[in-house]
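Please open the structure in your viewer and keep the sequence panel visible beside it. The tour below proceeds by selections, each followed by a short account of what is found there.

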Amino acid sequence: MQPSAVSVPLKSTLSRETQSGGAVHPKQVWTVTKNAHNRFSTFIWCAGWTIPLILLTLAISVPFWRSVSSDIEQAIARQVDYEDALLCVHFGFIQSTDEHANCKAALLDLRRNHERLMAATSIP
């Protein structure tokens with residue numbers, strides 16, 4: 001009876017033979033090199049179509065980001081104006097009067113000063 005052949009991965013066989021001082025067959029080196037080349041080729045092929053696809057997606061979406069950010073800024077400004085008007089009414093200033101407009105201007109100035117203070121004391 002012949003001994004059964006044991007399947008051993010080529011990479012581990014190659015490293016075992018070089019560590020033990022055994023001879024490395026050119027076919028083993030070729031197979032390991034070919035496998036590495038195949039993996040590298042697959043990576044390059046995948047990157048060849050995914051990277052341009054990602055760049056195209058980003059190029060298309062940038063104008064939408066700008067419009068969304070401007071919409072958000074406008075919504076925040078409207079909300080601040082609404083809150084300032086409510087506070088001035090709460091403090092007893094009647095809408096459409098000079099005192100009400102001065103109150104809203106003072107609250108806006110207070111918010112801007114607060115934002116400057118927060119920006120100056122924040123850790124970058």
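The stops that follow concern a disulfide, a set of salt bridges and a pocket. Please bear in mind throughout that the model is predicted.

**First stop: the disulfide**

Select cysteine 88 and cysteine 103, and display their side chains. A disulfide joins these two residues, with a distance of 2.1 Å from S to S. A search of the whole structure finds one disulfide. Now look along the S-S bond: the angle about this bond is -95 degrees, and the link of cysteine 88 and cysteine 103 is left-handed.

Next, colour the two helices that hold these residues. Cysteine 88 belongs to helix H2 (residues 26-90) and cysteine 103 to helix H3 (residues 98-121), so the disulfide ties together parts that lie 15 residues apart in sequence.

Are cysteine 88 and cysteine 103 buried or exposed? Both of them are buried.

**Second stop: a salt bridge between aspartate 81 and lysine 104**

Side chains of opposite charge can pair when their charged atoms come close. How many salt bridges does the structure hold? There are three salt bridges in the structure.

Select aspartate 81 and lysine 104. Their side chains meet in a salt bridge, at 2.8 Å from N to O. This pair links distant parts of the chain, for aspartate 81 is in helix H2 and lysine 104 is in helix H3, 23 residues apart. Aspartate 81 has a relative accessible area of 40% and is partly exposed. Lysine 104, at 23% relative accessibility, also counts as partly exposed.

**Third stop: the network around arginine 111**

Select glutamate 83 and arginine 111. The side chains of these residues meet in a salt bridge, with an N to O distance of 3.3 Å. Glutamate 83 is found in helix H2 and arginine 111 in helix H3, so this pair ties together parts that are 28 residues apart in sequence.

Keep arginine 111 selected and add aspartate 84. Here the side chains of arginine 111 and aspartate 84 meet in a salt bridge of 3.1 Å, N to O. With arginine 111 in helix H3 and aspartate 84 in helix H2, the parts tied together are 27 residues apart in sequence. Salt bridges that share partners thus join Glu83, Asp84 and Arg111 into one network.

Now show the surface around this network. Glutamate 83 is partly exposed, with a relative accessible area of 32%, and arginine 111 counts as partly exposed at 27%. Aspartate 84, by contrast, has a relative accessible area of 2%; this value is under 20%, so aspartate 84 is buried.

**Fourth stop: the largest pocket**

Rolling a probe the size of a water molecule over the atoms shows where empty space is left. The largest pocket has a volume of about 200 Å³.

Select its lining: Glu73, Ile76, Ala77, Val80, Asp81, Asp84, Lys104, Leu108, Arg111, Arg112 and Glu115. Which elements give two or more residues to this lining? They are H2 and H3. The largest share, six residues, comes from H2.

Finally, colour the lining by residue type. Its residues divide into four nonpolar, no polar and seven charged. The lining includes Asp81, Asp84, Lys104 and Arg111, residues already selected at earlier stops.

Technical notes. Residues numbered from 1 in each chain as written. Predicted model: local features only at pLDDT ≥ 70, side-chain atom pairs only at ≥ 80, totals over all residues. Heavy atoms only, no water. Disulfide = S-S within 2.5 Å. Helix = DSSP H or I, 4+ residues; strand = E, 2+ residues; numbered from the N terminus. Buried < 20%, exposed > 50% of the residue type's maximum accessible area, 1.4 Å probe, protein only. 1 Å grid on protein atoms, 1.4 Å probe; cavity = no way out; pocket = protein on both sides within 12 Å on 5 of 7 lines; lining within 4 Å. Points joined across faces, edges and corners; volume = space filled by probe spheres on them. Nonpolar A, V, L, I, M, F, W, Y, C, P; charged D, E, K, R; others polar. Salt bridge = Lys/Arg side-chain N within 4 Å of Asp/Glu carboxyl O.
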